[in-house]
Amino acid sequence: MAVNKNKKESPLWIFILVLILTVGTMQVFANETQPVAAHEKGNEQEAEEKFNPGEVIIEHLVDAYEWHIAKVGHTHISVPLPVILYDQGQWHFFMSSKFHHGKEAYNGFYISHTGMQKGKIVRKLSDGSEVKPLDLSITKNAFAIFVSSAVIILIFLSIARSYKKTKKHAPKGLQSLVEPLILFIRDEVVKTSIGEKHYRRFLPYLLTVFFFIFLNNVMGLIPIFPFGANLTGNLAVTGVLALCTFLTVSFGGNKNYWAHIFNTPGVPWWLKLPIPLMPIIEIVGMITKPFVLMVRLFANITAGHIIILGFVSLIFVFGQTNAYAGYGMSVLSIALSIFMNFLELLVAFIQAYVFTLLSSIFIGMAVEEHAHEEHHESH
Amino acid sequence: MELINPGIGLIFWMTLAFGIVFFILKKFVWPPIMQALNDRERHIEEALQAADIAHEEMKKLKLDNEQLLKDAKEERDAIMAEARKIREKMLDEARVKANLEADRIVESAKERINHERLAAMTEIKNQIAEISIEVAERILREKLSAPKSQQEYIERLLDKKQLN
């Protein structure tokens, strides 16, 4: 019954999805023909006319101190977010609207536009160099993390509740949407990579990571406030996730795992003494694994966003030369961005899956028991 | 550069938020879901097994039923055959009995007839004798003149009668 119902409704859902994805993207871009790139007052007029797709795309990908939604005429519509700074033994709290969209300084702090700290809050020293305070601001991405965390917690608490209710019966509603994924992760990913004996210990972490990445990937594709932040395409976010996997592997690893790293069996002794070549290689391997996890997720999601933004930018690039060319291009661009959005939906799942799978494999390697050690391990 | 320059603040908030998400999911979400999934899987497994067993039993029952039916049929046939045999036997016996009875009746009837006949003969003889005596008396009364020749004559007549 449920399947039939879903099938019947699916065209409507696809339509709504397409509508959200395209119209949303359009809205975000609608006012980008006069980009924020114009900072110098002198040639503001000239700069405003010029559309710089590279800058616009990067601006959409990186973190920000305010949540820019649109620009109508000359007024920016954005949600100001709190700035929290610790500098010279003093805390500073204020809203990011004090920066007037990055154009003005406040209390000596301003958003850097050049150099290494571009886009970060800095303070200028007397010698002209910029110094970065400890910056714990609730940035756009931090805010988005809170939103998506709240969404995830709410969704899963409700699912857990419905599991308590349905018990042995077939899943209903959201439950039936999530259950195949849970079963897939449990049976195909975690159980097969870690093994029947240990998988239960790591299942909660891996399921959490999977759904956290997957839902954030999907939310990153919805270009309407408060979604659409490029969360999983941010190194800080993927880095923390990779670090969690690293810690799980390190603390979950058994005697064999550590023995393998510091005293690799089956290797001639002169590779370990006096210069510990093998241990160094193993430790580098230990670190590269989560590092690769971090970069893979970041790069994949960022690339997807760049391509979609690039397609939409085409409209405005063409529109600059000729308005009709812009209209004409919009048809093609939208078609391409729709295609990319669907591809990204797929990538959203695949990357979450890959991250979880690789994490499981690393954990599985760390808890693996060698046949001859079996007796020692089983207490 | 901006793209690969992670902010300390974001790392901090991400760690905090992910930690909270993980804690809540681990504490309140995954245990009941896993429990429910395991329970359901076990339930389904058991139900399938039970269905299998029931199926087997049904098969056995059906076989038993068929056997029972077959047995019943055989028994019925046997009983029918027996009954038929008994009927035949009874009929035969009855026939034999009836014949015997009939013979007996006929026999006794014959005997009685014979008996009756003998009795009647005796009666007749006696009557004849009486009548004869009476006749003889009358004759004697009327003809006392020649009683001797008369007596002899009568006796001769009587003897002739007895021969019949």
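## A first look at the two-chain model

Right after helix 4 of chain A comes A:Lys167, a residue with a positive phi, near 50°. Keep in mind that everything here comes from a predicted model.

Let's stay with that helix for a moment. Helix 4 of chain A covers residues 140-166, which is 27 residues. From its first C-alpha to its last it reaches 38 Å, close to the 39 Å expected at 1.5 Å a residue.

Next up is its partner, helix 5 of chain A (residues 174-194). The axes of helix 4 and helix 5 of chain A come within 10 Å and cross at roughly 95°. Angles of 65 to 115 degrees count as roughly perpendicular, so helix 4 of chain A is roughly perpendicular to helix 5 of chain A. By class, this contact has 5 nonpolar, 4 polar and no charged residues. On the helix 4 side you'll find A:Ile155, A:Ser158, A:Ile159, A:Ser162, A:Tyr163 and A:Thr166, and they meet A:Leu174, A:Gln175 and A:Val178 in helix 5 of chain A. For the spacing of such residues, one general point helps: an α-helix has 3.6 residues a turn, so residues three or four places apart point the same way.

Further along the chain sits another pair, helix 9 (residues 277-321) and helix 10 (residues 323-367) of chain A. Their axes come within 7 Å and cross at roughly 175°, which means helix 9 of chain A is roughly antiparallel to helix 10 of chain A. The residues of this contact divide into 21 nonpolar, 11 polar and 3 charged.

Here are the two pairs together:

| Helix pair in chain A | Axes come within | Crossing angle |
|---|---|---|
| Helix 4 and helix 5 | 10 Å | roughly 95° |
| Helix 9 and helix 10 | 7 Å | roughly 175° |

Zooming out, the domain assignment splits chain A into domain 1 (82-137) and domain 2 (140-377). The C-alpha centres of these two domains of chain A lie 32 Å apart.

Then there's chain B. In the model, 31 residues of chain B are in contact with 44 residues of chain A. The chain B side of that contact is made up of 23 nonpolar, 4 polar and 4 charged residues.

How confident is the predictor? The model scores ipTM 0.81 and pTM 0.73. Chain B has a mean pLDDT of 87, with 93% of its residues at 70 or more. Chain A averages 81, and 84% of its residues score at least 70. Two stretches of chain A deserve a cautious eye: in residues 30-47 the pLDDT is below 50, with 25 contacts beyond near neighbours in sequence. Residues 372-379 of chain A also have pLDDT below 50, with 4 such contacts.

Methods. Residues numbered from 1 in each chain as written. Chains lettered and ligands numbered in written order. Predicted model: local features only at pLDDT ≥ 70, side-chain atom pairs only at ≥ 80, totals over all residues. Contact = placed C-beta atoms within 7 Å. Nonpolar A, V, L, I, M, F, W, Y, C, P; charged D, E, K, R; others polar. Domains from an automatic or database assignment. pLDDT = per-residue confidence, 0-100. Helix = DSSP H or I, 4+ residues; strand = E, 2+ residues; numbered from the N terminus. Expected span 1.5 Å × (residues − 1). Axes fitted to C-alpha atoms, helices over the stretch in contact; angles between N-to-C directions. Parallel < 35°, antiparallel > 145°, perpendicular 65-115°, else oblique.
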